[in-house]
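Here are my notes on the model you sent round, set out as numbered points. Please read them with the coordinates open.

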Amino acid sequence: MRGLAGKRVVVTGGTSGIGAATAQRFRDEGCEVVVLARTPGPGVIRCDVGDRLQVDAAFEQVGDLDVVVNNAGVSVRSPAADISQDQWDQVLTTNLSGAFWVAQAAARRMLLGAGGVILNTASTNALVGYRYYADYNAAKAGLVALTKSLALEWAPTVRVNAVCPGYVLTPMQEAEYTPEMLVEVNSRIPLMRHATPEELAGLFAYLASDEAAYFTGSVIVMDGGETAGSMVSGGGPGA
Ligand SMILES: NC(=O)c1ccc[n+]([C@@H]2O[C@H](COP(=O)([O-])OP(=O)(O)OC[C@H]3O[C@@H](n4cnc5c(N)ncnc54)[C@H](O)[C@@H]3O)[C@@H](O)[C@H]2O)c1
């Protein structure tokens, strides 16, 4: 992708799933990639994104950067009536507050330097309601609103966009399915399959590149048609 080679890229939660594929894609594009994660590993800076002090300390180590992909996230399936304060705090802190601490720490450097790109991983859960994920839905919807506000404040120096994946077959997601459940979910997606982490990684690479220089404040949905109709089931006969 045009303009990516040599860029310094930070991916949060980049040790598994979409984050790992995204880190690899940016390496393949000739970027220097730093992963912020809670677990140690090569090229990893230890960081819980929900802890602002850890985020600031991690960005001290990162130094100058061009791109950040806010990928770290967590969801817990639970009826809304049963959500505990601990669960609510964990889901909101990781998916929303953490993304803000990371964006803020990155933008403070980007605004002083040559600018940059911030990409936030929201979800189709930000756009339509889903049962049993009230905290996650609220956090991801907040992330979409946050994206638009930051895009306005930091334009024209920093571009800020949100990506809303639909179902993505990451190892963690796959572990939640029986083979029958996977077939059933696929049957409700118009393209009849989950996205791959590599497809999301390609979208992040595009949005970070010069090819996407006119994207800011955008909410880009990649969901195989899941939310295209008025029924998430893929469209019934119509009311
Ligand atoms: N898989 C899907 O179907 C799907 C759909 C829509 C959106 N998403 C979003 O995509 C992102 C990646 O999800 P995934 O499916 O690859 O899941 P995943 O669980 O494989 O990856 C999430 C990563 O975030 C890390 N993480 C969690 N809390 C953290 C914290 N406090 N600090 C630092 N790292 C933390 C985890 O350790 C993990 O490496 C998430 O934001 C998720 O909400 C996923």
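1. Val128 sits in the loop that runs between β5 and α4. Since this is a predicted model, I would begin with how open that position is: Val128 has 12 other C-beta atoms within 10 Å and is therefore classed as exposed, the cut-off for that class being 12 or fewer. Between the C-alpha atoms of Val128 and Arg159 there are 25 Å, the two residues being 31 positions apart along the chain.

2. The loop between β5 and α4 also holds Tyr132, a residue other than glycine whose phi is nevertheless positive, near 75°. Is Tyr132 buried, exposed or partly exposed? Its count is 15 C-beta neighbours inside 10 Å, so Tyr132 falls in the partly exposed class.

3. Met192 shares the positive sign, with a phi of about 65° although it is not a glycine, and its place is the loop between α6 (179-187) and α7 (197-208). Because 12 other C-beta atoms lie within 10 Å of it, Met192 counts as exposed. As background to this point and the next, most residues other than glycine have a negative phi, and most peptide bonds are trans.

4. The peptide bond that joins Ala155 and Pro156 is cis, with omega at about 0°. Pro156 belongs to the loop between α4 (134-154) and β6 (158-165). Helix α4 itself contains Leu152, which is exposed because it has 11 other C-beta atoms within 10 Å. From the C-alpha of Leu152 to that of Gly217 the distance is 7.2 Å, although 65 residues separate the two in sequence.

5. On confidence, the protein averages a pLDDT of 95, and 96% of the residues score at least 70. Where is confidence lowest, and where is it highest? The lowest mean, 83, belongs to α5, whereas strand β5 (residues 116-121) has the highest, at 99.

6. The overall fold comprises 7 helices and 7 strands, which follow one another along the sequence in the pattern β-α-β-β-α-β-α-β-α-β-α-α-α-β. For 239 residues a compact globule would have a radius of gyration near 18 Å, and the 17 Å found for the protein agrees with that. Taken along the principal axes, the C-alpha atoms fill a box of roughly 55 × 40 × 35 Å. Of the contacts with a separation of 6 or more, 72% are between residues 24 or more positions apart.

7. Buried residues account for 41% of the 239 residues. The largest nonpolar core has 62 residues, and those with the most contacts inside it are Val102, Ala106, Ile118 and Phe204. Helix α3 gives the most to this core, namely 10 residues. In soluble globular proteins, nonpolar side chains tend to be buried together. If residues up to four places away in sequence are left aside, Ala106 touches Val10, Phe59, Leu65, Val68, Gly116 and Ile118.

8. Ala58 is a residue of helix α2 (residues 52-62). Why does Ala58 count as buried? The reason is its 23 C-beta neighbours inside 10 Å, set against a threshold of 20 or more. Leaving out residues up to four places away in sequence, its contacts are Leu36, Ile45 and Cys47. For one of these residues, Ile45, the C-alpha separation from Ala58 is 6.5 Å, with their positions 13 residues apart along the chain.

9. Which residues come nearest to the ligand? Of the 27 residues around the ligand, these are Gly13, Gly17, Ala72, Gly73 and Ser123. The elements that give two or more residues to the shell are α1 (17-28), α3 (85-112) and α5 (171-175), and the largest share, 3 residues, comes from α1. By residue type the shell divides into 9 nonpolar, 16 polar and 2 charged. A reader examining the ligand surroundings should keep in mind that α5 is where mean confidence is lowest, at 83.

Conventions:
Residues numbered from 1 in each chain as written. Predicted model: local features only at pLDDT ≥ 70, side-chain atom pairs only at ≥ 80, totals over all residues. Helix = DSSP H or I, 4+ residues; strand = E, 2+ residues; numbered from the N terminus. Contact = placed C-beta atoms within 7 Å. Rg over C-alpha atoms; globule rule 2.2 N^0.38 Å. Near = placed C-beta within 6 Å. Nonpolar A, V, L, I, M, F, W, Y, C, P; charged D, E, K, R; others polar. Core = buried A, V, L, I, M, F, W, Y, C linked by C-beta atoms within 7 Å. pLDDT = per-residue confidence, 0-100.
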